[in-house]
Amino acid sequence: LTQVQASSDDQADRLNHQSVLYSESLDLLNIRSGLTYIDATVGAGGHLKGIVQALSQQEQEIAQSTQPAQTKSAETQSAGTPPAPRTIAGVIGIDRDSRSLDLVRNRIQETEALLVHANYTDIKEVVKQAGLSTVTGGILADLGVSSMQIDQPERGFSFQKDGPLDMRMDETQSFSAYDIVNKWDEKKLADIIYQYGEERQSRAVARNIVNARPLKTTLELAEVVSRSVRRPGKYNRHTQSIHPATRTFQALRIAVNDELGGLKTFLDEAIELLAPGARLVVITFHSLEDRMVKQNFRHHADACHCPPRQPVCNCGAKSELLIITKKPIIADEKEVLANMRSRSAKLRAGEKIG
Ligand SMILES: C[S@@+](CC[C@H](N)C(=O)[O-])C[C@H]1O[C@@H](n2cnc3c(N)ncnc32)[C@H](O)[C@@H]1O
């Protein structure tokens, strides 16, 4: 867990990122000044910036409404002067990708948010090191990969631009897509492609990958996958159909970054950290992730964890979470048209019960 230093590495021109379900997630976080918020997946910082802006707007409104009349008129005269930056680090941003944080350093002032390079599974430690014991406002997690990561060919996430078989979100990790593609046995490979990619032709894909070894680049892999997958109709990047390598690349990315393994720990710890009235908002892009969030929310909402047939409850559990979204919120047609990535997004939110 390392705190990222300010960086002048300007990758802003590579930034082509639209935050998914932006206003829905900020509304559900119920942002109120004076409380602490955590964005556990900073990415390109879109949601984080939104939280910071909402807080500073509220603080300005409070400051204006509590100023004596004389000062108010003086301020009116200097209208147009930018507001002073916020000075309370009431916002913490976490990402396991230090490049994302370097980029966000250029968009967010040091006084506006504390940026921490960590896995969100270490959220308790992050909160402790920030000198806090609870999170009073809310926690947001917008899971998966960012378009910024996909757009950098050298990161190896893209099947459309050539790069090494990498796909590590955290570049300090040694295990990469190269290891899975070139070293895992055919059955294990087919299983993750089926389970994490929901690729029905996973066996053919795995067989052809094993036969084509060694594979070194993303385009080599995409070519092998594309000829293994039979799809009705031809892929055309201007139509809504997905590229034949989409599912396999998604599966490899999830496996390289153990995306499902850490999610349960994160959800449990995030809910534990919330103060009464604080909220957890989670955006998922995969049915396995969404199911995990749904079941986890239900578990924390249930007042009893005894086996279903047990006549009298003796587990001592109590309901900790009020589920706010009975059904997941999805992107509307306008957002899906503007941002294809939002088509599979599902947002769920809960509030800690006191
Ligand atoms: C979809 S992007 C977030 C985009 C962001 N909400 C925005 O508006 O720009 C997901 C980010 O989560 C990060 N991430 C994924 N798994 C993580 C984990 N276990 N711990 C910390 N960060 C993680 C990725 O590195 C990526 O930058």
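1. Y37 has V91 of β3 as its bridge partner. This belongs to the pairing of strand β2 (residues 37-39) with β3, which is parallel and has 3 bridges. The model is a predicted one, and the points below should be read with that in mind.

2. Strand β3 (residues 91-95) also pairs with strand β4 (residues 114-117), again in the parallel sense, over 4 bridges. Here D95 is matched with H117 of β4.

3. Strand β3 is mostly covered, with 5 of its 5 residues buried. V91, G93 and D95 point to one side of the strand, while I92 and I94 point to the other. Both sets are buried.

4. D95 also belongs to the ligand site: together with S19, H47, Y120 and D142 it comes nearest to the ligand, out of 25 residues around it. By class, this shell is made up of 12 polar, 8 nonpolar and 5 charged residues.

5. Polar contacts to the ligand can be listed by atom. A side-chain N or O atom of H47 is 2.7 Å from a ligand nitrogen atom. D142 places a polar side-chain atom 2.7 Å from a nitrogen atom of the ligand. From G46 the contact comes from the backbone, where an N or O atom lies 3.1 Å from a ligand oxygen atom. On its own the ligand has 610 Å² of accessible area, and the protein covers 98% of that.

6. G46 and H47 are part of helix α2, which spans residues 46-66. The helix has 21 residues and reaches 31 Å between its first and last C-alpha, close to the 30 Å expected at 1.5 Å a residue. Its buried residues include G46, H47, L48, G50, I51, V52, L55 and S56. As background, residues three or four places apart in an α-helix point the same way, because there are 3.6 residues a turn.

7. Some backbone values deserve a check by eye. Most residues other than glycine have a negative phi, and most peptide bonds are trans. L21, in the loop between β1 (2-3) and α1 (22-29), has a positive phi near 45°. M167, in the loop between α6 (147-151) and α7 (177-183), has a positive phi near 70°. L21 is buried, at a relative accessible area of 0%, and M167 is likewise buried at 0%.

8. The peptide bond from R213 to P214 is cis, with omega near 0°. P214 sits in the loop between α9 (202-212) and α10 (218-228).

Notes: Residues numbered from 1 in each chain as written. Predicted model: local features only at pLDDT ≥ 70, side-chain atom pairs only at ≥ 80, totals over all residues. Heavy atoms only, no water. Near = heavy atom within 4 Å. Polar contact = N/O pair within 3.5 Å; in protein donor to acceptor, adjacent residues only side chain to side chain. Areas by Shrake-Rupley, 256 points an atom, 1.4 Å probe, with all protein chains shown as cover. Nonpolar A, V, L, I, M, F, W, Y, C, P; charged D, E, K, R; others polar. Helix = DSSP H or I, 4+ residues; strand = E, 2+ residues; numbered from the N terminus. Expected span 1.5 Å × (residues − 1). Buried < 20%, exposed > 50% of the residue type's maximum accessible area, 1.4 Å probe, protein only. Pairing = 2+ DSSP bridges.
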